[in-house]
Amino acid sequence: MDYTEFFIKATGRDSPFKYQTRLAECDTWPDLLEAPTGAGKTAAIVLAWLWRRRFAPKHFRDQTPRRLVYCLPMRVLVEQTRDEARKWLSNLSLHSDDIEVYVLMGGEKQKDWDLYPERDAILIGTQDMLLSRALNRGYGMSRYRWPMSFGLLNNDCQWVLDEVQLMGNGLATTAQVAAFHQRLGTLGNTRCLWVSATIQPDWLATVDFTEHVPDLTVHRLSAGECTRCALRPRLTAAKPLYQTIAAAGKPTEFVKEILREHQPSSLTLVVVNTVKSAQLLFAELQKATRVEEQRGKRPPKKLSIRPELILLHSHFRP
């Protein structure tokens with residue numbers, strides 16, 4: 001199965017972007033991946049690894065590590081990536097006996113992924129959980145099992161460090177670990193891929209990795225892809241920002257303005273400065289959209305369907 005056919009089957013969508021295909025079919029994976037937000041970086045990485053590991057010609061399969069370790073700085077990104085990976089595997093009719101998706105983050109029930117070192121696996125987790133295990137100090141697990149995770153996460157693995165601009169000190173740790181891999185050697189092919197929309201190689205210039213920085217390879221969209229391919233509408237989409245002042249405790253006019261400006265099938269963010277204001281505005285928005293439906297009237301101009309309303313404020317931290 002060639003990569004285009006594989007990608008369409010996995011995603012149920014159109015053909016991959018050219019940069020996604022180049023990543024899957026390149027002789028050796030790069031060290032850095034730079035692609036704009038909305039360009040499908042997660043699909044590019046997970047599906048390229050999966051195709052190379054299971055569906056590509058033999059020379060790709062032989063050099064592709066059996067474990068994909070997808071490291072993210074935030075829990076919400078872990079959950080999104082997990083859901084997408086499981087959907088793609090299901091579309092490809094690959095079950096847990098073939099490739100299992102494991103999640104490593106606080107509060108998640110931990111499966112015994114380390115009991116099956118011979119199996120292909122996708123490990124998706126937060127940086128604290130994954131990096132602590134790679135350093136033989138696994139958070140939230142028995143110290144007697146530390147060496148198991150340590151061994152498996154430092155051998156025969158393709159590490160992906162996504163959204164590196166949010167990793168803080170974790171980014172330097174990943175560069176140091178990569179330096180140790182190169183200096184001490186590993187079993188199987190063990191590599192790191194650092195990913196961001198704003199990647200800078202100098203970010204990785206740690207004590208032991210500085211000498212490797214000049215030789216790092218970068219995979220990015222070509223200038224032609226940014227201006228001519230199907231990505232252009234995403235990269236050039238207008239994202240207007242308006243400032244308005246609503247009378248305290250009287251959000252009616254503000255609600256009308258929000259509904260007037262909202263575009264169908266789009267996302268409108270409304271930011272206010274107190275929890276009470278957010279709650280009051282949310283209640284008024286619910287009331288306004290509900291009244292229009294009950295009266296059987298057409299929604300306000302530009303509002304073809306009732307929008308989904310979501311309230312988010314600091315009291316929701318748990």
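**Gln-176**

I began with Gln-176 and asked whether it is buried or exposed. In this predicted model, Gln-176 has a relative accessible area of 19%, and because the cut-off for buried is under 20%, I entered Gln-176 as buried. I then looked up where Gln-176 sits, and found it in helix H8, which covers residues 169-184.

Next I asked which residues Gln-176 touches once its neighbours within four places in sequence are left aside. I noted Thr-206, Val-207, Asp-208 and Phe-209 as its contacts. With Thr-206 there is also a polar contact, made from side chain to side chain, and I wrote down its distance as 2.7 Å.

**The whole protein**

I then stepped back to the protein as a whole, where I counted 12 helices and seven strands. The C-alpha atoms fill a box of roughly 70 × 45 × 40 Å when it is taken along the principal axes. The protein has 318 residues, and 42% of them count as buried. I also looked at contacts between residues at least 6 apart in sequence, and found that 68% of these join residues at least 24 apart.

**The sheet**

In what order do the strands of the sheet stand? I read the order as E3-E4-E2-E5-E6-E1-E7, an open sheet of seven strands with parallel pairing. Strand E3 (99-104) and strand E7 (218-220) are at the edges, and each has a single partner strand, so one side of each is left without a neighbour in the sheet. On average, neighbouring strands of this sheet are turned by 20° against each other, with direction ignored.

I followed helix H3 (residues 41-55) next, and saw that it lies across strand E1 (32-34), strand E2 (67-72), E3, E4, strand E5 (157-161) and strand E6 (191-196). Relative to E2, helix H3 runs at about 170°.

**Strand E3**

I wanted to know how many residues of E3 are buried. The count is six of the six, so E3 is largely enclosed by the rest of the structure. I reminded myself that side chains in a regular strand alternate between the two faces of the sheet. In E3, Ile-99, Val-101 and Val-103 point one way, while Glu-100, Tyr-102 and Leu-104 point the other way, and all are buried.

The partner of E3 is strand E4 (residues 120-126), which runs parallel to it and is joined to it by six bridges. I traced two of the pairs: Glu-100 has Ala-121 of E4 as its bridge partner, and Leu-104 stands opposite Gly-125 in E4.

**Strand E2**

I repeated the look-up for E2, where six of the six residues are buried, so this strand too is largely enclosed by the rest of the structure. Both of its faces are covered, with Arg-67, Val-69 and Cys-71 buried on one side and Leu-68, Tyr-70 and Leu-72 buried on the other.

Strand E2 runs parallel to E4 and is joined to it by six bridges, and here I found Leu-72 opposite Thr-126 of E4. With E5, strand E2 pairs in the parallel sense over five bridges, and Val-69 stands opposite Trp-159 of E5.

**Helices H6 and H7**

Two packed helices are described by the angle between their axes and the distance between the axes, so I looked for both values. For helix H6 (residues 127-134) and helix H7 (residues 146-153), the axes come within 7 Å and cross at roughly 95°. I therefore recorded H6 and H7 as roughly perpendicular to each other.

Which residues meet where these helices touch? From H6 I listed Leu-130, Arg-133 and Ala-134, which meet Ser-149, Phe-150 and Leu-153 of H7. The residues of this contact divide into four nonpolar, one polar and one charged.

My last entries concern H6 itself, which is mostly covered, with seven of its eight residues buried. The buried residues of H6 are Gln-127, Met-129, Leu-130, Leu-131, Ser-132, Arg-133 and Ala-134. I checked what they pack against, and found E2, E3, E4, H7, E5 and H8, where H8 is the helix in which I had found Gln-176. Just after H6, I noted that Asn-136 takes a positive phi of about 65°.

How values were computed:
Residues are numbered from 1 along each chain as its sequence is written. This is a predicted model: local features need pLDDT of at least 70, side-chain atom pairs count only at pLDDT 80 or more; totals for chains, interfaces and linings use all residues. Side-chain values use heavy atoms; hydrogens and water are left out. Two strands pair if DSSP finds at least two bridges between them. Helices (H or I, at least four residues) and strands (E, at least two) are DSSP runs, numbered from the N terminus. Axes are lines fitted to C-alpha atoms, for helices over the stretch in contact, and angles run from 0 to 180 degrees between N-to-C directions. Contact means heavy atoms within 4.5 Å. Buried means under 20% relative accessible area, exposed over 50%, partly exposed in between (1.4 Å probe, protein chains only). A polar contact is a pair of N or O atoms within 3.5 Å; within protein, one must be able to donate a hydrogen and the other to accept it, and residues adjacent in sequence count only if both atoms are side-chain atoms. Angles under 35 degrees count as roughly parallel, over 145 as roughly antiparallel, 65 to 115 as roughly perpendicular and the rest as oblique. Ala, Val, Leu, Ile, Met, Phe, Trp, Tyr, Cys and Pro count as nonpolar, Asp, Glu, Lys and Arg as charged, and the others, Gly among them, as polar.
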